[in-house]
Amino acid sequence: MSSASVAAENTTIAVRGRDSLWSKAFYKFRHDRMGMVAFALVMAYGVMALGTVFGWWANDWSEIRGGRFDPISADFWFGSNVNGQDIFARTVFSTRTAFEVGLVVAILSTLIGAVLGAVAGYYSGSWIDELVLWLKGVLDSIPFYLFVAAVAFAMQGSAYGMHVAMVATFWTTTGRLVRGEVIKLKQFEFVEAARAIGLPELKIVFRHIIPNTFHILLVQATIVFVAAIKSEVILSFLGLGVKNGVSWGRMLAEATYEVGAGHFNNFIWASLFMFGLVMAFNMFSDALQDALDPRKV
Amino acid sequence: MTAPVGKKPVLTVKELVIEFQTERGVVRAVDGVSFELYAGQTLGIVGESGCGKTVTCLALLGLVPTPPGRIVSGSIELNGRNIVGLGDREMRNIRGRDISMIFQEPMTALNPVFTVGNQLCEVIRRHTDATRRQAHAQAVEMLAVVGIPAPAKRMGDYPHQLSGGMRQRVMIAMALSCNPSVLVADEPTTALDVTTQAQVIEQMVLLQEQFDMAVILITHDLGVVAETCEDVMVMYCGQVIEQAPASGLFTRPSHPYTAGLLASIPRIRRERLQELPVIRGMVPDLLSLPMGCRFSTRCEYADQRCQAQIPSLRTATGTDAAVACFKPLGEA
Amino acid sequence: MSELLKVENLSKYFPVRGGLLRRARKQLKAVDDVSFSIARGRTLGLVGESGCGKSTLGRAIIRLLEPTAGTVALEGTRITELTRRELFERRRDMQIIFQDPYASLSPRRTVGQTLLEPLETHRMMTPARRRDWLLELLEIVGLREHILTRYPHEFSGGQRQRVGIARALTLKPKFIVADEAVSALDVSVQSQVLNLLRKLQREFGISFLFISHDLAVVQHISDEVGVMYLGKIVEMTSASRLFARPLHPYTEALMSAVPVPDPARKSSRIVLQGDVPSPIDPPGGCPFHTRCPRVMEVCRVTPPPTVNAGSTEAPHFVNCHLFPVPNTEEDV
């Protein structure tokens, strides 16, 4: 916002609102019981992940404390693995890994998708649009795991190959949705009104158009979050993902050798925790979609 | 209302009350609406947005979205049977066969991925035991009846291939295909151009006589009402405030609101007016209605009684009009 | 009476893409060689059915759309030839009011933000002065101060339209395009807004291009009226002349098609056959010949010239073969 408008607000002209579309959406979300349960679950996972960041728990995930395949006990809530490491600590710490990947990928791919999608949509039909569509087409046509393997190989040694690959492929869906919405929005008379005032085009895009796609962005970010977590698990399982940490995917990879021998702890707890988070987040995402749908507000 | 002697009404609505749950509270969208409708009669329901005219008609078809909507009390008797509280399946059978509806925007009411013929045949076959061939023949006939040129050819067209006027005719054909006793038309010509509107209105009047249907026409256009309806019901804030034969209503409105509405329409006149007469103020919020008569906040004749009590519908002296007003115009 | 806006031979064509390489194969002539002028403080009404190009014309004049050919001059400045920078400066002189009060305000911005934006963009006034001006504006359009912090969805259609009008006024324009500005409003609100527009014109001397499909509304608000059909102005004269004695058969049909709120007057209506032809493939000769009740042989072949069927002082331009070019006068 320009300094002029800030000044204007100082001269007691209050222009900020109180009863926005957000508060209406919030009201609707609060009355969605399933959504609230899902949200509480997601928050519980979040606290679990945050605890490891602050070092409250599960920081001994890599320590060898017990024996080979110790059963469930007061010391080892979920038993121990082949190396005698605590499966509970590893499961909890994996939540942090999942959140890290999910958040980074969701935020970055949503930002990229929003900007590229909005610009492509606003200038639809022009070379900018063609370029974005071409880029999207190219990225979409490469098989995902092949792409990740290639990026991981190219960025050898970096812990972020997986992140880069996911962001590069996940923004396209967001971009496509935003582009479609923007093409619709730019026909709206309020956009024409902004042009009639003489507002510069980039300001129109960022001030009038992108804010009206926030509902898509938010929902899309939650979807990407879940997709990123799932991909992280699969990639780690395949050995393409997390290298120096622990992840549900790595635990499942370990479990492939163990299940045949009758040791199920790694398998059960990693699957259960992943399932719980993905499920809760999907439900949260659905509820969010309902609450934010502008047609139902 | 002109009740034909010895005839039973096709549709009787009694004391209908419909409420909607909103985040700001419960809104009474329809508040004690009653009317009767006879075969061959055209009833116009007029009023401004939010007056409850559309919700009333959705209720007639069992289409009030529930939740948030709810029929709180009252009855709707269609061909002698109360349809309030009927299940979905029963309502589906009644809809289209006994009562059907045409909407303002035909493009959204027609399915874009099926041909016109397909959709017409489907309606016919759902409600009758016509064979595929019979349904097809009947569909072609219906398209001809509503004035679509080359109907057999049009059967294979998709909705987007037709003009707005043609689409509305297809909607009418669909609504009439099972010969319903009541047709509800919600702003059927509002989305059309004047010249197309003239064609569609002319067609509707013809069809109504031909099929001896009862028609309810919802519109905000008093001109359209004057040209098509024998009786008019004026609604304001969920209540019927005046109900009268069209001939009387347009020349001698009884309710100040009706009079104000009539005066404020711009019409082609010999002399251009400097200023249009207006009804001052705004339609009140349904959540904070005035205590007494709902029009009292905007009425130039309102006195203390109007602000304290709600007038009920009664016959105005010396007219055929039923009016909900303590001081109707023309009554000293 | 000084001339404010002069439009000469304005055309706007849209390429219709088709085929494998998306080459422009045909052109949709939305506006085709239109000329007129508007005097200071006067209103030109523009009527026509949907698709006749009236909205495109309005947008091409203020360069929301780039015209294909022709010139527009505002106070002698050729708008059509301005650079981007120069155009930005002139934007404050010409504004637009839109049809749909639900689409014309950004849903995520408060009314205050919406109204301040034009002033901030053009760096007009000091912040304190802006405040006074906005409050003054709200007063003029009949809104109260507290709405500044509210979002559009909290308002009725009429209130939103008032906000849209206030936005158009913030920059103190000399010329406003009102594109179907009252069409989406309820009757009682419509008359209020129409009176408001008239008041603005009296107080600020603004010139209007008032685009509408509603003839009665156009008559009420306009000094001059142009009738458009398929991208061309087929008849143009003063409002009083046009409504007293329409010359073009299309204008006649349009007028007779307007439903009149008076059931006693069963009008002798000219119902036009068929629909408006597609502007991509307009009929040759006179574009109206496919629907004209008074079509002649020559109409199918030769486009009619525009002649002045009135006098030099009170011109009445009509574009029809029924009114041949007088030998003594030049083609206008």
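Why is strand E8 (residues 214-219) of chain B largely enclosed by the rest of the structure? Select those residues in this predicted model and consider burial along the strand: six of the six residues of E8(B) are buried, so the strand is largely enclosed by the rest of the structure. In a regular strand the side chains alternate between the two faces of the sheet. Colour the residues of E8(B) by face, and you will find B:Ala214, B:Ile216 and B:Ile218 on one side, with B:Val215, B:Leu217 and B:Thr219 on the other, both faces being covered.

Next, add strand E3 (residues 42-46) of chain B, which runs parallel to E8(B) and is joined to it by five bridges; to locate this pairing in the viewer, pick B:Val46, which stands opposite B:Thr219 of E8(B).

Then bring in strand E7 (residues 182-186) of chain B, which also pairs with E8(B) in the parallel sense, over five bridges, and where B:Val184 has B:Ile216 of E8(B) as its bridge partner. With E7(B) and E8(B) still displayed, select helix H8 (residues 194-211) of chain B, which together with these two strands makes a right-handed β-α-β unit.

Finally, turn to another part of chain B and select the open sheet of four strands, whose order is E2-E1-E4-E5 and whose pairing is antiparallel. Its edge strands are E2 (25-37) and E5 (81-82) of chain B, each of which pairs on one side only. Within this sheet, follow strand E1 (residues 11-22) of chain B alongside E2(B), where the two pair in the antiparallel sense over ten bridges, and centre the view on B:Ile18, whose bridge partner in E2(B) is B:Val30.

Terms used. Residues are numbered from 1 along each chain as its sequence is written. Chains are lettered from A and ligands numbered from 1 in the order in which they are written. This is a predicted model: local features need pLDDT of at least 70, side-chain atom pairs count only at pLDDT 80 or more; totals for chains, interfaces and linings use all residues. A residue is buried if 20 or more other C-beta atoms lie within 10 Å of its own, exposed if 12 or fewer, and partly exposed in between; C-beta atoms are placed from the backbone. Two strands pair if DSSP finds at least two bridges between them. A crossover is right-handed if, with the strands pointing away from the viewer, the path from the first strand over the helix to the second runs clockwise.
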